[in-house]
Amino acid sequence: PERFSAVVSIAGSGFVDPGACKATKAVSVLQIHGLKDDVMPYDGDEGIPGAIGITARWGKRAGCDPTSWQATGLTFEHADDGVQAETAERSFGKGCASGVNVSLWPMKGNDHYPEFRPVFTDNLLAWALSQQGQH
């Protein structure tokens with residue numbers, strides 16, 4: 001957190017033990033994950049947190065109100081799989097540390113290796129740059 005204001009994870013997870021992350025302050029996190037991922041399943045695997053669990057963990061670390069977890073209404077079509085608006089963003093809406101944004105982009109119809117459209121890069125960079133200098 002001393003060097004970065006934001007982190008983007010694509011099809012990833014985190015430490016099994018949340019205490020293993022020794023960050024001293026909250027950072028913005030964007031978790032991007034295919035709902036059909038069979039390498040690192042969206043719902044997790046054998047004690048490894050899935051996309052919602054790891055996003056909730058980052059939200060807790062940032063002080064976000066867990067009851068404010070909601071769809072933002074923002075939708076994207078990121079991958080070349082023919083699924084219209086497959087990504088529907090979810091975020092914490094309240095209580096997060098000043099300037100911290102914790103969001104999830106679940107990708108309907110996508111697996112661990114989606115073939116992203118150019119618009120994916122545009123949306124990803126826009127999100128990351130909007131976090132720059134926020135805290």
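**Reading a mixed sheet, its helices and a disulfide**

Mentor: Val100 is found in the loop between β4 and β5. Keep in mind that this is a predicted model.

Trainee: Is Val100 buried or exposed?

Mentor: The general idea is to compare the relative accessible area with a cut-off: buried means under 20%. Val100 has a relative accessible area of 10%, so Val100 is buried. Along the chain, Val100 and Gln131 are 31 residues apart, but their C-alpha atoms are separated by 7.6 Å.

Trainee: Which residues make up the largest nonpolar core?

Mentor: A core is read as a set of buried residues of the nonpolar kinds, joined through side-chain atoms within 4.5 Å. The largest one here has 11 residues, including Val100, Val102, Leu104, Trp69 and Phe92. Another core, of 8 residues, lies apart from it; Phe76, Trp105, Phe120 and Trp127 are among them.

Trainee: The largest core also includes Cys64 and Cys96. How many disulfides does a search of the whole structure find?

Mentor: Look for cysteine sulfur atoms within 2.5 Å of each other. The search finds 1 disulfide, and this disulfide joins Cys64 to Cys96, with S to S at 1.9 Å. The link is right-handed, with 115 degrees about the S-S bond.

Trainee: Where in the chain are the two partners?

Mentor: Cys64 is in the loop between α1 and β3, and Cys96 is in the loop between β4 and β5. The pair is 32 residues apart and links distant parts of the chain. Both Cys64 and Cys96 are buried. Cys21, in contrast, is in no disulfide: its nearest cysteine sulfur, that of Cys64, is 14 Å away.

Trainee: In what order do the strands form the sheet?

Mentor: Read a sheet by listing which strand pairs with which. Here 5 strands form an open sheet in the order β1-β2-β5-β4-β3, with mixed pairing. β1 (6–10) and β3 (69–76) each have a single partner strand, so one side of each is left without a neighbour in the sheet. From one strand to the next, the twist averages 20 degrees.

Trainee: How do β4 and β5 run, parallel or antiparallel?

Mentor: Strands β4 (residues 87–92) and β5 (residues 102–107) run antiparallel and are joined by 3 bridges. Ser91 stands opposite Ser103 in β5.

Trainee: Which strands does helix α1 touch?

Mentor: For a helix on a sheet, read its contacts and then its direction. Helix α1 (residues 51–61) packs on the sheet and touches β2 (28–34), β3, β4 and β5. The direction of α1 makes about 170 degrees with that of β5. Helix α2 (residues 118–131) also packs on the sheet, touching β1, β2, β3, β4 and β5, and its direction makes about 160 degrees with that of β2.

Methods: Residues are numbered from 1 along each chain as its sequence is written. This is a predicted model: local features need pLDDT of at least 70, side-chain atom pairs count only at pLDDT 80 or more; totals for chains, interfaces and linings use all residues. Side-chain values use heavy atoms; hydrogens and water are left out. Two strands pair if DSSP finds at least two bridges between them. Helices (H or I, at least four residues) and strands (E, at least two) are DSSP runs, numbered from the N terminus. Axes are lines fitted to C-alpha atoms, for helices over the stretch in contact, and angles run from 0 to 180 degrees between N-to-C directions. Contact means heavy atoms within 4.5 Å. Buried means under 20% relative accessible area, exposed over 50%, partly exposed in between (1.4 Å probe, protein chains only).
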